[in-house]
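Thanks for making time this morning. I would like to take you through one model, beginning with its cysteines and moving on to the empty space inside it.

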Amino acid sequence: MKTKILFMISLLSLSASIVTAQTYPVPVSEENEKMAEGVFAPNWESLKQYQVPEWFRNAKFGIWAHWGPQCVEGSGDWMARSLYQEGSHQYKYHVQHYGHPSEVGFKDIIPLWKAEKWDPDKLIALYKKVGAQYFFALGNHHDNMDLWNSQYQPWNSVNMGPEQDILAGWEKAARKHGLPFGISFHADHAWSWYEPSQRHDKEGPKAGVPYDGKLTKADGKGKWWEGYDPQELYAQNHPLSQDSWDNGAIHRQWAWGNGICQPTQEYCTNFYNRTLDAINRYNPDLIYFDVTGVPFYPISDGGLKIAAHFYNHNMATHKGKLEAVMFGKILDEDQRKALVWDVERGAPDKALEQPWQSCSCLGDWHYNTSVYENNRYKSAASVVKLLVDIVSKNGNLLLSVPLRADGTLDDKEEVILNDLGEWMTVNKECIIDTRPWKVFGEGPIAESAIPLNAQGFNEGAYNKATAKEIRFTQNGQKLYATVLAWPEERQVLIKSLADGNSLYPGKIKKVELLGYGKVSFTRTPNGLLVNLPDKQVNKIAPVFKIN
């Protein structure tokens, strides 16, 4: 049997290698990090052999620690870019509390990130208790700092800041608690993302004085960063992209087009090397990229080589079985066969045949004090609405729970997680290990067209779901109907289960309310009318199990 498996792997590998190679303007070098060979080659045709592992299809819910040095100022996501945008909230906050970006740039914030209260074991134990089935850590963000003992990026969390291998700590805790471990990599876009650091103020006493984005290693003599090259962090030793002073241009150029300055082979290869370094060290089960397709596609083969390496490496560590999951955004139909499609802060308005994931956040991606102060976190009820809707459409939810710079949750986040955990403890059987039903749901939202905006950004429509919205999942002979809020009238009419409806032609013998027990019901031509008890059995949403 083993010989047969090895023969098949060799055959698939050979067939993959003879696919016509595509040339790229910026090919990466494998001089330092050799791409693992195996079944998968670095092209879409070969990567389409990918099959989503069952463990991920069963998992449905993961938690993400989107945490790094950008949490220091508590001014929210993309602060390392926005502090260089004159007049922005983050710029004003940074100037008032830390200094002008011509003198104190993001490089000078890094040593202030100490992670002094970080306890990964305690946090992941909580995440598992809440119901998470996998865990994600931030490997690097667009700020370009690696959060491990990186051999290709001196600006890393072992050399400075916490002086700890953050990924190693997260991975050890995740393995201890039996959660698959994921790493997200975002630094491929530092090239254009940091371009505002090449600017200067246009007004005021510092008008015309350059920010610190063009500093070099020689400029560090006598400073805390002596011996480090700021260009290895900022990557700004290149001309500005077209319309770079337009703060919105980066969104139009995210897919490496529309006038973006083309990155060098050295830059693309460095990201490739760093990513393979992390894969080989920590053996992640999942990898997330904040990109269109794969990193640097279509200008470079770097992202395709990372994908092939990740899959082949994973198969080698799992005795020939592929258990890996890799995410990309804005994927076409063929690319969705090679990767798992990630939708940011949103969901498609129909069930999909292929498993997919929505990534969202309780508040801002990086810790934002104003979200806390103004009570702008998602409630546990809002998270459940999203989770149930996503799972009914064959998706998973990856929920980011922001950490403060010291590595702790704030008190409001803890309340939200505990409320979510209470609901999941009783009702998770309608989530974990389930599959979509014949229809994903019913109700005004379910029956509306809700288009995606770019990579997602339509979750606001689902947050507004009322008791008129019902979502379905199934596990074997068990059908679950989740009402997305408690109805005031203590009755629920499930139209999809009406007497005579072809969706459910069999008899309904029993209806249970999870956390309570059997409830009375009447099946009519208009729907299944289910009676609820006077007392709510949870704070969020009722779940019916139908046999």
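**Cysteines, a short helix, and the voids**

Let me start with C361, whose sulfur is 9.5 Å from the closest cysteine sulfur, in C359, which is too far for a bond. C361 also counts as buried, at 0% relative accessibility. C71 is likewise in no disulfide, the nearest cysteine sulfur being that of C361, 9.9 Å away, and C71 is buried too, with a relative accessible area of 2%. The count of disulfides therefore comes to 0, given that a pair of sulfur atoms has to lie within 2.5 Å to qualify.

I should say plainly that this is a predicted model. The protein chain averages a pLDDT of 95, and 96% of the residues score at least 70. Over residues 1-20, however, the pLDDT is below 50, and beyond near neighbours in sequence this stretch has 13 contacts in the model.

Next, a residue in a short helix: S82 is found in α4, which covers residues 79-82. S82 is buried, with a relative accessible area of 9%, and, leaving aside its neighbours within four places in sequence, S82 is in contact with S88, Q90 and Y91.

Now to the empty space. How many cavities of 30 Å³ or more are there? The count comes to 2. The largest cavity holds about 70 Å³ of space, and among the residues that line it are R81, E195, R199, D243 and D246. Its lining divides into 3 nonpolar, 4 polar and 5 charged residues.

The second largest cavity holds about 40 Å³, with a lining that includes S358, S360, L386, D389 and I390. The elements that give two or more residues to that lining are β7 (356-361) and α15 (380-392), and α15 gives the most, with 3 residues. Here the division is 5 nonpolar, 3 polar and 2 charged.

Finally, the largest pocket, which has a volume of about 470 Å³. It is lined by 19 residues, of which Q231, E232, E266, Y267 and N270 lie nearest its centre. Two or more residues of the lining come from each of α9 (231-234) and α11 (265-282), and the largest share, 7 residues, is from α11. By residue class, the lining of this pocket divides into 6 nonpolar, 9 polar and 4 charged.

Methods
Residues numbered from 1 in each chain as written. Predicted model: local features only at pLDDT ≥ 70, side-chain atom pairs only at ≥ 80, totals over all residues. Heavy atoms only, no water. Buried < 20%, exposed > 50% of the residue type's maximum accessible area, 1.4 Å probe, protein only. Helix = DSSP H or I, 4+ residues; strand = E, 2+ residues; numbered from the N terminus. Contact = heavy atoms within 4.5 Å. 1 Å grid on protein atoms, 1.4 Å probe; cavity = no way out; pocket = protein on both sides within 12 Å on 5 of 7 lines; lining within 4 Å. Points joined across faces, edges and corners; volume = space filled by probe spheres on them. Nonpolar A, V, L, I, M, F, W, Y, C, P; charged D, E, K, R; others polar. pLDDT = per-residue confidence, 0-100.
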